[in-house]
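Please look at the sequence and the three-dimensional structure shown here, and keep both in view while you read the explanation that follows.

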Amino acid sequence: MKKNVTALCLTTMLGGFALSALPAFAEDLVIGLATAQTGGLAPYDQPSLKGLEMAVEEINAAGGAAGKFPIKLVAKDTRSDAAQTALVAQELVDEGVKIVITPCDADPSIAAGQVTQAAQIPAFSFCATTPTMPLAVGDYMFGNYPADNVQASVLATYAAEKGYKKAYILKSPDSAYTLKLPEYFGVAFKAKGGELLGEGTYSMGQQDFGAEVTKIKAMNPAPDVIMTAAYEPDFPAFIRQLRGAGVTTPILGSDGIDSPTTFGLGATVDGVVFTTAGFASEGSPLADFNVKYKEKYGQVPDTVYIANGYDLGKVIDAAVTEANSIDPVAIRNAIASLENVQGVTGPISYAGTQGMPMRSVSLVQIEGGNRQLISQGVPAAADVPAP
């Protein structure tokens with residue numbers, strides 16, 4: 001990973017603005033990023049930041065948010081640590097930012113959100129998916145990604161349609177994401193008539209899954225499917241050891257494995273099905289975005305988190321346009337009323353929600369190192385487990 005720093009100050013100019021500690025002017029929309037440049041969340045926060053930078057460059061080229069408020073980004077490294085995230089959030093609040101963006105995980109986002117809530121500054125998590133995150137913080141906290149219970153509903157519906165009757169879930173109590181998403185899946189799967197044969201636990205960062213693999217291999221009857229929200233480095237270690245032991249049970253995963261590391265595992269991950277925020281079908285806005293991104297940076301985006309960060313820029317622009325102001329309270333109120341903001345991953349709405357956006361989920365299967373779309377859409381509200 002990159003060298004640890006408390007504050008990330010890039011001197012490279014990015015389309016007319018610098019991600020740095022340059023002075024802000026009264027009419028600048030200063031956005032503070034209390035996100036991970038280093039540590040376990042960096043593989044998610046950094047692609048999201050890349051997409052946000054691209055959106056901000058385009059917005060600034062058109063005059064700024066609402067066509068008149070230039071956007072300035074100030075990023076500080078949280079080192080993927082919740083306590084450090086809270087400290088960084090306080091620094092950004094003290095510096096007078098108008099919006100704060102927090103990491104791709106609920107725990108540090110809640111820690112930062114408690115700071116921004118007290119200051120009445122709206123905060124978005126780049127891609128935390130725990131549906132109770134805004135409830136744990138307050139009405140100034142927002143998500144930016146399909147919530148865990150929504151993803152779980154999509155996975156459970158798929159499992160039922162495939163005829164899977166018996167499932168096993170693998171979860172970790174070390175984060176809300178790795179704990180709650182499999183539990184939501186269990187609730188939704190049982191509501192579809194399925195049965196949970198059992199569940200296992202692991203510690204995040206664990207590299208030896210031998211005991212868990214032995215347990216699964218010995219199960220009689222065997223599960224029809226295994227569901228987990230594990231992500232790197234845990235998911236690669238688990239699936240290598242599972243397949244190495246000869247267990248071929250289908251695996252359902254979530255958005256955390258939509259990363260280059262997963263696709264670098266080759267045939268080991270063939271057949272894995274997971275949820276994600278978008279799919280670049282031919283002629284779609286996401287496909288067009290990928291072309292634009294490649295023209296700019298010389299490579300195709302290797303994860304949907306890039307587009308997810310880009311869409312957050314569009315949401316912020318829409319909110320500031322609606323508020324016609326860079327006052328944090330006005331921006332917060334505008335965010336809560338947004339409907340059908342057209343992102344490259346699909347329409348995004350906050351109106352009528354409790355802070356987590358209503359947006360489409362793509363269900364994708366890995367085959368030969370490529371993504372294959374299974375389905376795309378918003379699940380029926382009745383199928384989504386309560387937060």
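In this predicted model, helix H11, which covers residues 305–323, packs with helix H12, which covers residues 328–337, at an angle of about 115°, and the axes of the two helices are 8 Å apart. Two packed helices are described in just this way, by the angle between their axes and the distance between the axes. Angles from 65 to 115 degrees count as roughly perpendicular, and H11 and H12 are therefore roughly perpendicular to each other. The crossing in which H11 passes H12 is right-handed. On the side of H11, the contact is made by Ala319, Val320, Glu322 and Ala323, while H12 contributes Ala330, Ile331, Ala334, Ile335 and Ser337. Sorted by class, the residues of this contact of H11 with H12 comprise 7 nonpolar, 1 polar and 1 charged.

The loop between H11 and H12 deserves a look of its own, since Asn324 has its place there. Most residues other than glycine have a negative phi. Asn324, however, has a positive phi, near 50°, and it is a residue other than glycine. Is Asn324 buried or exposed, or does it fall in between? With a relative accessible area of 46%, Asn324 is partly exposed, because that term covers the range between under 20%, which is buried, and over 50%, which is exposed.

Ser80 can be read in a similar manner. Its place is in the loop between strand S5, residues 71–77, and helix H2, residues 82–94. Although Ser80 is not a glycine, its phi is positive, at about 60°. The relative accessibility of Ser80 is 25%, so Ser80 counts as partly exposed.

Now turn to a second pair of helices, H7 (residues 210–217) and H8 (residues 234–244), whose axes come within 10 Å and cross at roughly 45°. An angle of this kind is neither under 35 degrees nor in the range from 65 to 115, and H7 and H8 are therefore oblique to each other. Their crossing is right-handed. The contact is made by Gly210, Glu212, Val213 and Ile216 of H7, together with Phe238, Gln241 and Leu242 of H8. By class, the contact of H7 with H8 has 4 nonpolar residues, 2 polar residues and 1 charged residue.

Following the chain from H7 towards H8, which peptide bonds are cis? One cis peptide bond joins Asn220 and Pro221, with an omega of about 10°, and Pro221 is found in the loop between H7 and strand S11, which covers residues 225–228. Another cis peptide bond joins Glu232 and Pro233, where omega is about 5°, and Pro233 lies in the loop between S11 and H8. As background, most peptide bonds are trans.

Finally, consider a glycine that is found within a helix, namely Gly113 in helix H3, which covers residues 106–118. Gly113 has a relative accessible area of 0%, and it is therefore buried, because a residue counts as buried when that value is under 20%. Which residues does Gly113 touch, if residues up to four places away in sequence are not counted? Gly113 touches Val137 and Met141. It is also helpful to set separation along the chain beside separation in space: Gly113 and Ala86 are 27 residues apart in sequence, and their C-alpha atoms are 8.0 Å apart in space.

Conventions:
Residues numbered from 1 in each chain as written. Predicted model: local features only at pLDDT ≥ 70, side-chain atom pairs only at ≥ 80, totals over all residues. Heavy atoms only, no water. Helix = DSSP H or I, 4+ residues; strand = E, 2+ residues; numbered from the N terminus. Buried < 20%, exposed > 50% of the residue type's maximum accessible area, 1.4 Å probe, protein only. Contact = heavy atoms within 4.5 Å. Axes fitted to C-alpha atoms, helices over the stretch in contact; angles between N-to-C directions. Parallel < 35°, antiparallel > 145°, perpendicular 65-115°, else oblique. Left-handed = near helix turned anticlockwise from the far one by under 90°. Nonpolar A, V, L, I, M, F, W, Y, C, P; charged D, E, K, R; others polar.
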